[in-house]
Amino acid sequence: MQYKVAYDLGLLCFSLGCLPLLFLTKLPSIYSSYLLLLILTMIVGISIFFRKTFWIILGVLVASFLWSTQHAVSYLQTVEQYIDQNLTMEVVVKTINLLPLTSIDAPQGHYIDFRIQRINDQFINSSLTIALFWKNAPFPSAGELWQVKVKTKAVHSYLNQGSFDSQRFAMANRKILLGTVVEASQLKNTKNFRQQLVDKALPYINLFDYGDMMLALAFGERFRLTSQHKNVMLQTGIAHLMAISGMHIMLVAYLGKKVMRGLQFFYLFALSIIGCHSPLV
């Protein structure tokens, strides 16, 4: 008799295999990885021979743990060679600029995410992100290409019990590399679609008292949130919802519009149901 594992059970086991990354103080060494690979090979052989659900689940757990740890090790090995270095990079701006069209005074400096294309005139195959501390205005906009000279470092965190582990958070989001801009020059001023959309929306959003919350809902950007609104969201536990619910609302509105357009195109009777409450108006 052939035993099968349901997809939901397989996905649950895969997630459980990745869970130890939340508690490991250090990643497995290369010898430990080889040992785990040997154990996984034995488990696969046993599961093929005996066809027991237990061995299949155990194989998924070991495989997911090995995959997740090796993915982390590969990322660290790629990034480590660029830490504590003076480098010249070609980078593309990822963070949208919310400052040019606002009445808010530009801050003294803040971190901006960039995608690295070249380092010291060498093309980077992997997708690396670096957060650069940008001190002087004008601040770059998303989609622009810049050449920067930077002093790099890694994200640091405190091991105080109960405190937020910023290093683990940066590792999970592949943003462990930081830097300070020494010199910068713009190579290409083309803005991406998201930045262009924000630039068009900002003049209207700035007319409202709750424009900062509208930006968070519509674009998932919480940079403009006031201290008062941040405290309210933290106390009520809706800070994360503010960043993602707006995206869901826009997705549903977009799909609703396309469905109504499709009905209007294929069925003449749809014209009678399109009114002030439809997404077409």
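This briefing covers the strands, the pockets and one aromatic pair of the structure above. The model is predicted. Five strands close into a barrel, in the order S1-S2-S3-S5-S4. Helix H3 lies across two of these strands, S3 and S5. The largest pocket has a volume of about 1200 Å³, and the second largest has about 630 Å³.

**Barrel layout**

- The barrel order is S1-S2-S3-S5-S4, and the pairing is mixed.
- From one strand to the next, the twist averages 50°.
- S3 and S5 run parallel.
- S1 and S2 pair in the antiparallel sense, as do S2 and S3, S4 and S5, and S1 and S4.

**Strand pairs, one by one**

- S1 spans residues 86-93 and S2 spans residues 110-119; five bridges pair them. Within this pair, Met 89 stands opposite Ile 119 of S2.
- S3 covers residues 122-134 and pairs with S2 over nine bridges. Here Tyr 111 has Phe 133 of S3 as its bridge partner.
- S2 and S3 form a hairpin with two residues between them. Asn 120 sits in that turn and has a positive phi of about 50°.
- Four bridges join S3 to S5. Ile 130 faces Leu 177 of S5 across this pairing.
- S4 (residues 145-154) and S5 (residues 177-188) are joined by 10 bridges.
- Three residue pairs can be used to trace the S4 to S5 register. Leu 145 stands opposite Lys 188 in S5. Gln 147 has Ser 185 of S5 as its bridge partner. Ala 154 has Leu 177 of S5 as its partner.
- Leu 177 of S5 therefore turns up twice: it stands opposite Ile 130, and it is the bridge partner of Ala 154.
- S1 also pairs with S4, over seven bridges. In that pairing Leu 87 stands opposite Val 150 of S4.

**Helix H3**

- H3 runs over residues 53-80 and lies across S3 and S5. The helix runs at about 75° to S3.
- H3 also gives five residues to the lining of the second largest pocket, the largest share from any element.

**Largest pocket**

- The volume is about 1200 Å³, and 30 residues line the pocket.
- Nearest the centre lie Thr 95, Tyr 111, Asp 113, Lys 175 and Glu 221.
- Three elements give two or more residues to the lining: S2, helix H4 (166-172) and helix H7 (227-236).
- S2 provides the largest share, four residues.
- By class, the lining holds 17 nonpolar, six polar and seven charged residues.
- Tyr 111 has two roles in this picture: it is among the residues nearest the pocket centre, and its bridge partner in S3 is Phe 133.

**Second largest pocket**

- This pocket has a volume of about 630 Å³. Its lining has 24 residues, and those closest to the centre are Leu 21, Leu 27, Gln 167, Arg 168 and Met 171.
- H3 and H4 are the elements that give two or more residues to this lining.
- The lining divides into 15 nonpolar, five polar and four charged residues.
- H4 contributes to both pockets, giving two or more residues to the largest and to the second largest.

**Aromatic pairs**

- The structure holds five aromatic pairs.
- In one of them, the ring centres of Phe 14 and Trp 67 are 5.7 Å apart. Their planes meet at 45°, so the pair counts as tilted.
- This pair links distant parts of the chain. Phe 14 belongs to helix H1 (residues 7-18) and Trp 67 to helix H3, and the two are 53 residues apart.

Methods
Residues are numbered from 1 along each chain as its sequence is written. This is a predicted model: local features need pLDDT of at least 70, side-chain atom pairs count only at pLDDT 80 or more; totals for chains, interfaces and linings use all residues. Side-chain values use heavy atoms; hydrogens and water are left out. Two strands pair if DSSP finds at least two bridges between them. Axes are lines fitted to C-alpha atoms, for helices over the stretch in contact, and angles run from 0 to 180 degrees between N-to-C directions. Contact means heavy atoms within 4.5 Å. On a 1 Å grid over the protein atoms alone, a cavity is a set of points where a 1.4 Å probe fits but cannot get out, and a pocket is an open set with protein on both sides within 12 Å along at least five of seven lines; lining residues have an atom within 4 Å of a point. Grid points are joined across faces, edges and corners, and a volume is the space filled by probe spheres set on the points. Ala, Val, Leu, Ile, Met, Phe, Trp, Tyr, Cys and Pro count as nonpolar, Asp, Glu, Lys and Arg as charged, and the others, Gly among them, as polar. Rings of Phe, Tyr and Trp (its six-membered ring) pair if their centres lie within 6.5 Å; planes under 30 degrees apart count as stacked, over 60 as edge-to-face and the rest as tilted.
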